[in-house]
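Subject: Structure for you to look at

Hello,

Please find the structure below, with the sequence alongside. My notes follow it.

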Amino acid sequence: MKKNIAIIMGGYSSEYKISLKSGNVVYDYLNKEKFNLYRIHIFKNKWVYVDDAGNETPIDRNDFSIPLNNTSITFDCVFNAIHGSPGEDGLMQAYFELLGIKHTSCDFYQAALTFNKRDLLSVLKPYGIKAAPSYYLNLGDEINETDIIDKVKLPCFVKANKSGSSFGITKVYKAEELKGAIETAYKEDDEIIIEGFLDGTEVSVGVLKLNGKTTVLPITEIVSENDFFDYQAKYEGKSQEITPARINPEQLEKVTIASKRIYDVLKMTGFSRSEFIFIGNEPFLLEMNTTPGLTTESILPQQAKEAGIELGMLFEYAITEALA
């Protein structure tokens, strides 16, 4: 019996366009001889099944089914390709858990935790995971520029705490630029993290479960043409992504151990992609993504290719693990 697989894509955040691209790549590459595939668009104003002709059928949210031709299609597994909310912050995960539907991403707690940069770094600190010096602000807090600069130094990064794809992020060089950067970040989120600038090699590390075993994929080095790995660098070709990364054996060993430890400590499942910067040979964690980009140009698929895993198989592994 072929399994019914829903591929959810879209979402409520600024990242929905990238998510639609990711979801369509999953649809194109998964083996249609093994699976019945259904593209599901999740937007604030509609949840719909979209067929190959572009016709839309509303989803029954009571049981996440599609009422189609006098029958009801239910799913054995959901492939989550939503970046940002509600696919990466725990909302969809909690919904599927309540309905008892298997899905390819991590559990709702892990999704909510990793989506919150401040909370993630705090939880991992006791496990020896290093991070840049940081300062936290919530909307309405008094902004004491001297305190901020004393703690994180200049230059620094002002980031929305719960946002992906580098939306709401500014690199600040001078004290007078701080206020504008904070306002930019508040457009994306009511919580902000301000981090000291780490000057070193940036790498991206993909981790997944393969046959039940935590597996680190070949590591990618990020060389941005822009001032940092921002939206343009990520999605508009303004960066070089070099896989495998040009790092020394000690750096490779340390970042591999750190990535595995983070995945296992957090009891992760599904794909994850963590960004680190090396200071000397020490990896410092920037953030972790639990529904990383899955387009053919995205980092995780590049890493899988380097490991000899073709895209269709990469996506199939995720479904196999979810159903195990």
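A disulfide is a pair of cysteine sulfur atoms within 2.5 Å. Keep in mind that this is a predicted model.

Cysteines

By that cut-off, the structure holds 0 disulfides. Why does Cys106 form no bond with Cys77? The closest cysteine sulfur to that of Cys106 is the one in Cys77, and at 14 Å it is too far for a bond. Cys106 also counts as buried, because its relative accessibility is 0%. Cys156 is buried as well, since its relative accessibility is 1%. For both calls, the cut-off for buried is under 20% relative accessible area.

Nonpolar patch

Which residues make the nonpolar surface patch? They are Phe108, Tyr109 and Val123, and the patch covers about 270 Å². Phe108 lies in helix 3, which runs over residues 108–115. With a relative accessibility of 39%, Phe108 counts as partly exposed. That label applies between the 20% limit for buried and the 50% limit for exposed.

Negative patch

There is also a negative surface patch, formed by Asp141, Glu142, Asp147 and Asp150. Where is Asp141 found? Asp141 sits in the loop that links strand 9 (134–138) to helix 5 (145–152). Its relative accessible area is 37%, so Asp141 is partly exposed.

When you open the model, start with Cys106 and Cys77, whose sulfurs are 14 Å apart. Then look at the patch of Phe108, Tyr109 and Val123, and after that at the negative patch that includes Asp141.

Regards

Terms used. Residues numbered from 1 in each chain as written. Predicted model: local features only at pLDDT ≥ 70, side-chain atom pairs only at ≥ 80, totals over all residues. Heavy atoms only, no water. Patch = residues over 30% accessible without salt bridge, like charges linked within 9 Å, V, L, I, M, F, W, Y side chains within 5 Å. Areas by Shrake-Rupley, 256 points an atom, 1.4 Å probe, with all protein chains shown as cover. Salt bridge = Lys/Arg side-chain N within 4 Å of Asp/Glu carboxyl O. Helix = DSSP H or I, 4+ residues; strand = E, 2+ residues; numbered from the N terminus. Buried < 20%, exposed > 50% of the residue type's maximum accessible area, 1.4 Å probe, protein only. Lys, Arg positive; Asp, Glu negative; His and termini not counted. Charge placed at Lys NZ, Arg CZ, Asp CG, Glu CD.
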